[in-house]
Each structure stands twice: as structure tokens, then as C-alpha cells.
Amino acid sequence: MPQVDHVVVGAGINGLCTAFWLRQRGASRIVVCDRFGPGHDRGSSHGATRITRSSYDAPRFVAMAQVAHAECWPQLERAVGGSLRTPTPGLFFGPVDGPFAAYARATLGSGAAVEAIDVMTARRRFPLLRLHEGDGALLDHTAAVVLAAATMQRLAAWLSAADVALRWHEPVAAVRPVAGGVEVATATTTWHARSAVLALGPWTGSLAAADATGGPLVVQPQEVGYFAGDGLDGDAVAPGRFPVWARIGRTAEDFHYGLPAVDGSGVKIAVHRTTGDGVDPDAPLPAIAEAGLLELARERFAVAAPHLRRTERCLYTMARDHDLRVARAAEAPVVTIAACSGHAFKFGPLLGRMAADLALTR
């Protein structure tokens, strides 16, 4: 049986960041397995861009963002040899008597570089977005576009150069406690390891114990559109000028977000879907509702006739309380990263550091 030190199951952002921190901490003989190939679109880590920000509705997330921005992303960027984030304004807005109020309470006064602005100021600065009378707004100076695809590619290249074994198209069938560690079994190999880290996204429940995930996980499909049109082209929608943004409505179903256009991709917009029964990640999904995305673009962009360039899909893996979890099992050296609820990418370098430290029993 091959002997290794650590096996990471899942090569999304959390799995690759965990392997990065294990190597940074001096660990060797690290294996990363994934059931799909590099850049696949079946999970939650594909696509060109993501948002990072400090504006949240819970103080712990604001604090986590500050650590990620100040420590984890910079160390990752230094290692891979260049910036993985493009600074741009962040605008977070919604009715002042709705859930937006929790964002203002948690964020303002936290020490994060975020300020409250009025609707007229927000409209003057960001005329392409539609704000309503009665909205409050937060201007987040810590926000950025995360270059997600570049992050994944450069992380994988760094890991390969650091002698971390990336085993693509190798699904893990079982993780079993044994004397001195764990056995991690695939169809072709069984490794004996000091620890295993489970970072499987939508497939977490197939291997992780319920106490590590906080109960059953729900996989919510997300539909994303990229738009262009009169007013939504050129420098006006480029990072640095156009914001990453979210409108926080009165209900969980009324949460919309978007990002600037990067490399001519079009302006990104989506509904942040967190409710419903969820889906089986292995089952075929229905066609993306392009009419709904077009209606959303007309609602949120203060321009005439935006047109849809393309769509993409990703999956959120969520606990019922929408929290994030990084936990080590009580009876075995198995660490689980679970229920990242649409926030994994911006926190990936921090969650990976936490998981690596637990795997090393720090």
C-alpha cells in the first residue's frame, strides 16, 4: 500500500489551497484527487471571475475577510508570482429597513475600509446601476474581482512544481480510519496517509460524516448571465470603474449580484439562490432560464436593451444555516471543508490554511 503524508480529496479552490498550505507548512508526499479534470464546470470553482469584499451581515465573515485580504491572498499571490485580484469598488445596497441593515451593522465600525453613502452619491458614481429611493448603500474599498480561472491554473502549476501529485479523473470511493492514520481508496489505488482532507463541494456528503458538515447539505444550482449592449461596453464596465455589487432585497430570494466585464466577457449578473430543496449534483439540470436573466438585467442595469452574450452554471453547497465549516473528526485524522454557501472562492486561501493546520494538528 503506497504511504503518503496527506491526501486531499477534491481539487476545487478549497482543495488546492489546502494542498498549498500543507506544502507551505513543510509537508511532503501530498496527493490531491479529483473525480473530474482540470477546469471542469461540474462544481463551484470554474469560471473566470469571483467577488471578494468585506461587506457582510455577520461580524465573523467581516473578520474572516480581513484576514483573507491581509494575509492569505497576499501570501498565495507572492508564491505563484503575481496578483490574482483586480481592485474595483464594491457597492452593496438595499432597502434600509430590510436585511441590508444587518450588513451595515456588521460592517461599519469593524475596521474594514467600508463607508455608508447615500443613494444620490451611489447613483452619481455608478450610473449604470439602478438604485431605488429608500435604499441604503455601502461603498466597500476592499472589494476586488478575483481572477478565478487564473487562480486555479496558477495554483495547480505551483503545486505540480512543488512535487504535489495531482490525480485527475480519480474519484475516491472510501476514506477509512486505520492505525496511524487513514486509508484513502480509489478504483486503482489505496493510500495510507497521516491525514485526509475532504473538499468535495457538492459531493461532500458522499464521504464526510454528518457531524462534520452540520447535518444534510443542500446543493443549489446557480444561473449566471454575461451582458453587453449600449452603455455596457468599454471602460465604463471595466474593473476599477464598474463595481462588484449586490442588491440585498427584502427576502432571501431577492438577492442579486454582479461583476465588471473582464477581457471582453460581458458584465456578469446573477441571482444569489440559497433557498429550495436543492438538486442531485450527478443528475442532468434543466436548461438555463435565459428569459429570467434578461429580465434581471433590465431590472438592475439603468440602460436600454441589454443583450445576453452567454450563460454559465455553478453549484452552491449549503448547510441549512448557510454557515461555513472546517472541522476535524474526533475519532480520525479526517478534516472536512463543507457548506461554503457561495463564499468559498473569496475565502479559499483562508479555509485552506485552516484545513491544513487541522490536518497537521496545529
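A student and a tutor talk through how a few labels in this predicted model are earned.

Tutor: This is a predicted model, where local features need pLDDT of at least 70, side-chain atom pairs count only at pLDDT 80 or more, and totals for chains, interfaces and linings use all residues. Residues are numbered from 1 along each chain as its sequence is written, and side-chain values use heavy atoms, with hydrogens and water left out.

Student: What makes residues 59–80 a helix, α2?

Tutor: A helix is a DSSP run of H or I with at least four residues, and a strand is a run of E with at least two, numbered from the N terminus. Helix α2 has 22 residues, so it passes that cut-off. From first C-alpha to last, α2 reaches 30 Å, close to the 32 Å expected; the expected span is 1.5 Å times one less than the number of residues.

Student: How do you know where the kink in α2 is centred?

Tutor: The bend at a residue is the angle between axes fitted to the seven residues ending there and the seven starting there. In α2 the kink is about 45° and centred on Ala68. Just after the helix comes Gly81, with a positive phi near 90°.

Student: Why is Cys72 called buried?

Tutor: Buried means under 20% relative accessible area, exposed over 50%, and partly exposed in between (1.4 Å probe, protein chains only). Cys72 has 0%, so it is buried. Cys314, at 12%, counts as buried too.

Student: How do you know that Cys72 is not in a disulfide?

Tutor: A disulfide is a pair of cysteine sulfur atoms within 2.5 Å. The closest cysteine sulfur to that of Cys72 is in Cys17, 8.9 Å away, which is too far for a bond. A search of the whole structure finds 0 disulfides.

Student: What makes β19 and β20 a pair?

Tutor: Two strands pair if DSSP finds at least two bridges between them. Strands β19 (residues 325–328) and β20 (residues 334–338) run antiparallel and are joined by 4 bridges, so they meet the rule. One bridge links Ala327 to Thr336 in β20, and the two strands form a hairpin with 5 residues between them.

Student: What makes a set of residues a nonpolar core?

Tutor: Its members are buried Ala, Val, Leu, Ile, Met, Phe, Trp, Tyr and Cys residues joined through side-chain atoms within 4.5 Å. The largest core here has 73 residues, and Leu16 and Tyr257 are among those touching the most other members. The largest share of this core, 9 residues, comes from α2.
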